[in-house]
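Me: I'd like to learn how to read a strand-rich model. Could you walk me through it step by step?

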Amino acid sequence: MRWVWFTAGVLVAASAGAQTIVLTNANVIDGINDAPAMGRAVVIRDGRIAAIVSTADAPSAEVVHNLRGKYLLPGLIDGHAHVGSTRQLRKALRTGVTT
């Protein structure tokens with residue numbers, strides 16, 4: 001579960017300032033295509049995903065993290081959750097549920 005916290009931390013850090021962050025060599029599951037897009041670079045500008053390109057085409061950035069062997073996917077939606085405490089919310093976030 002470390003990568004979930006790592007990714008969340010990177011995105012929070014990106015929103016804190018006007019810097020560019022590039023996550024290289026990521027295997028991206030976009031929920032649209034049948035297979036993950038392997039070896040991609042996710043470019044984050046001003047706290048938002050600006051582009052997903054091949055790692056070879058990634059721009060230079062103030063912060064670069066190599067995610068070789070890791071997978072990125074959109075936050076998961078739990079359509080049937082009963083959350084009664086902050087502890088339960090944190091547990092959901094650790095497993096990738098964001099909504």
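**Reading the strands and the core**

Reply: Happy to. Residues 24 or more positions apart account for 53% of the contacts in the protein with a separation of 6 or more, where contact means heavy atoms within 4.5 Å. This is a predicted model, so local features need pLDDT of at least 70 and side-chain atom pairs count only at pLDDT 80 or more, while totals for chains, interfaces and linings use all residues. Residues are numbered from 1 along each chain as its sequence is written, and side-chain values use heavy atoms, with hydrogens and water left out.

Me: Which pattern does the protein follow along the sequence?

Reply: Helices (H or I, at least four residues) and strands (E, at least two) are DSSP runs, numbered from the N terminus. Here the order is α-β-β-β-β-β-α, with 2 helices and 5 strands.

Me: How do I read strand pairing, and which strands does β1 join by parallel bridges?

Reply: Two strands pair if DSSP finds at least two bridges between them. In the parallel sense, β1 is joined to β4 (residues 63-66) by 4 bridges and to β5 (residues 71-72) by 2 bridges. Its pairing with β2 is antiparallel, over 6 bridges. You can follow this at I21, whose bridge partner is I44 in β2 and V63 in β4. Further along, A26 stands opposite R40 in β2, and N27 stands opposite Y71 in β5.

Me: Where does β2 go from there?

Reply: β2 is also joined to β3 (residues 48-54), running antiparallel through 6 bridges. I44 has I49 as its bridge partner in β3. The two strands form a hairpin with 2 residues between them, and D46 in the turn has a positive phi of about 50°.

Me: What makes up the largest nonpolar core?

Reply: A nonpolar core is a set of buried Ala, Val, Leu, Ile, Met, Phe, Trp, Tyr and Cys residues joined through side-chain atoms within 4.5 Å. Buried means under 20% relative accessible area, exposed over 50%, and partly exposed in between (1.4 Å probe, protein chains only). In this model the largest such core has 8 residues: I21, L23, A26, V28, V42, I44, L67 and L72. β1 (20-28) and β2 (37-45) each supply at least two of them, and the largest share, 4 residues, comes from β1.

Me: Why is β1 described as largely enclosed by the rest of the structure?

Reply: Because 9 of the 9 residues of β1 are buried. For the protein as a whole, buried residues make up 20% of the 99 residues.

Me: Is N25 in β1 buried or exposed, and what does its side chain touch?

Reply: N25 is buried, with a relative accessible area of 15%. A polar contact is a pair of N or O atoms within 3.5 Å; within protein, one must be able to donate a hydrogen and the other to accept it, and residues adjacent in sequence count only if both atoms are side-chain atoms. One such contact, of 3.1 Å, joins the side chains of N25 and N66. Leaving aside neighbours within four places in sequence, the contacts of N25 include G39, R40, T55 and N66.

Me: And what are the values for N27?

Reply: N27, also found in strand β1, is buried with a relative accessible area of 8%. Beyond its neighbours within four places in sequence, N27 is in contact with A37, M38, G39, G69, K70, Y71 and L72.
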